[in-house]
Amino acid sequence: MDEKILEYYLKAGEVNKKAQKKARDFIQEGVLLLDAAEEIEEFIKKNHAKLAFPVNLSINNFAAHFTPSSECKEKFQANDLIKVDIGTAVEGYIADAAFSISFNKKNDKLIQASENALEAGVKVFKVGAELKEIGSAIQKEINSLGFNPIQNLSGHGLGKGIIHGAPSIPNIENNDSRAIEDNEAYAIEPFACNGEGFVREGMQTEIFELNESKPIRNMHARKILEFIEKEFDSFPFAVRQIQKELKLNEFNLKFGLKELQQKEIIKAYPVLKEKEGILVSQTETSMVAFKGKMHRLV
Ligand code: MN
Ligand code: MN
């Protein structure tokens, strides 16, 4: 890493911060999820950053990887606990950050748990700190408010064009004694819930990512692949973003994506959810260690 790369990370963080503010203003009871996602995404582009992934708006027991489809008619409801996860990239360097909101005060304590946990994690997040120390700090904070961390979701390393790099930053005390390294970037993202703290993959998939480009015969699949390579490269994308640009009919779009998935050209990110009726909160920021000093991006 050099000064210039640090600057790109900081710039990505600045845009992310502004996008979070935009999201907080825009997301209200009765607003369409689809309008919110598109509004935030347009805002990021206007502010000279790229989307590192489509805006995720996971609600209630959905912990991650939900973004509305182009047909989604869902609106934010009075009791919803909404996780807004935003990825911004400048020259490929990513700021990955999330916050939780609800219009109902009864969810405040659960939101507070993930916010406090993030602060506790950030506090011990220093070059040389062991991963298990960070997990332990996060878990303690969430448990102290009477909730559980989601044990099978974690933070991660960040790199140029790499959103989910090694290592995993645990949200529980595990036995990982690897240390935070200098001149590396990371995302910390505690999830708190009032359930067991374990997520499973759901049926719905709106987000995909290029895995490995290969020749493909089907015309629609090829068209989609060309667009993905040009527009998103290694970054995750949403089905609606493909549809908006290529205007394929639903059958051709679904067939094309299925074809790409079967040939392992693209990889799916299905929604990740806790049990029905459980509520999950998430707070996330990105950290860059440069010359021994830690920089918080958002
Ligand atoms: Mn992340
Ligand atoms: Mn994120």
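Here are three short exercises on the two manganese sites of this predicted model.

**Exercise 1.** Find which protein atoms are the donors of the manganese ion (ligand 2), and what spacing they follow along the chain.

*Solution.* Start at the ion and look for donors, which are N, O and S atoms within 2.8 Å of the metal. Asp85 (OD) turns up twice in the list, joined by Asp96 (OD) and Glu284 (OE), at 2.1 to 2.3 Å. Next, read these donors along the chain: their spacing is D-x10-D-x187-E. Finally, place the ends of that pattern. Aspartate 85 sits in strand β3 (residues 81-90), while glutamate 284 is in the loop between β13 (280-282) and β14 (285-290), so the pair, 199 residues apart, links distant parts of the chain.

**Exercise 2.** Now do the same for the manganese ion (ligand 1).

*Solution.* Around this ion you will find Asp96 (OD), His156 (NE2), Glu189 (OE) and Glu284 (OE), lying 2.1 to 2.2 Å away. Along the chain they give D-x59-H-x32-E-x94-E. Aspartate 96 belongs to strand β4 (residues 93-102), and glutamate 284 to the loop between β13 and β14; 188 residues separate them.

**Exercise 3.** How far apart are the two manganese ions, and which aspartate coordinates both? Are aspartate 85, aspartate 96 and glutamate 284 buried or exposed?

*Solution.* First, take the distance between ligand 1 and ligand 2: it is 3.2 Å. Then compare the donor lists, and aspartate 96 appears as a ligand to both ions. For the last step, the cut-off for buried is under 20% relative accessible area. Aspartate 85 and glutamate 284 are buried, and aspartate 96 is buried too.

Terms used
Residues numbered from 1 in each chain as written. Chains lettered and ligands numbered in written order. Predicted model: local features only at pLDDT ≥ 70, side-chain atom pairs only at ≥ 80, totals over all residues. Heavy atoms only, no water. Helix = DSSP H or I, 4+ residues; strand = E, 2+ residues; numbered from the N terminus. Buried < 20%, exposed > 50% of the residue type's maximum accessible area, 1.4 Å probe, protein only.
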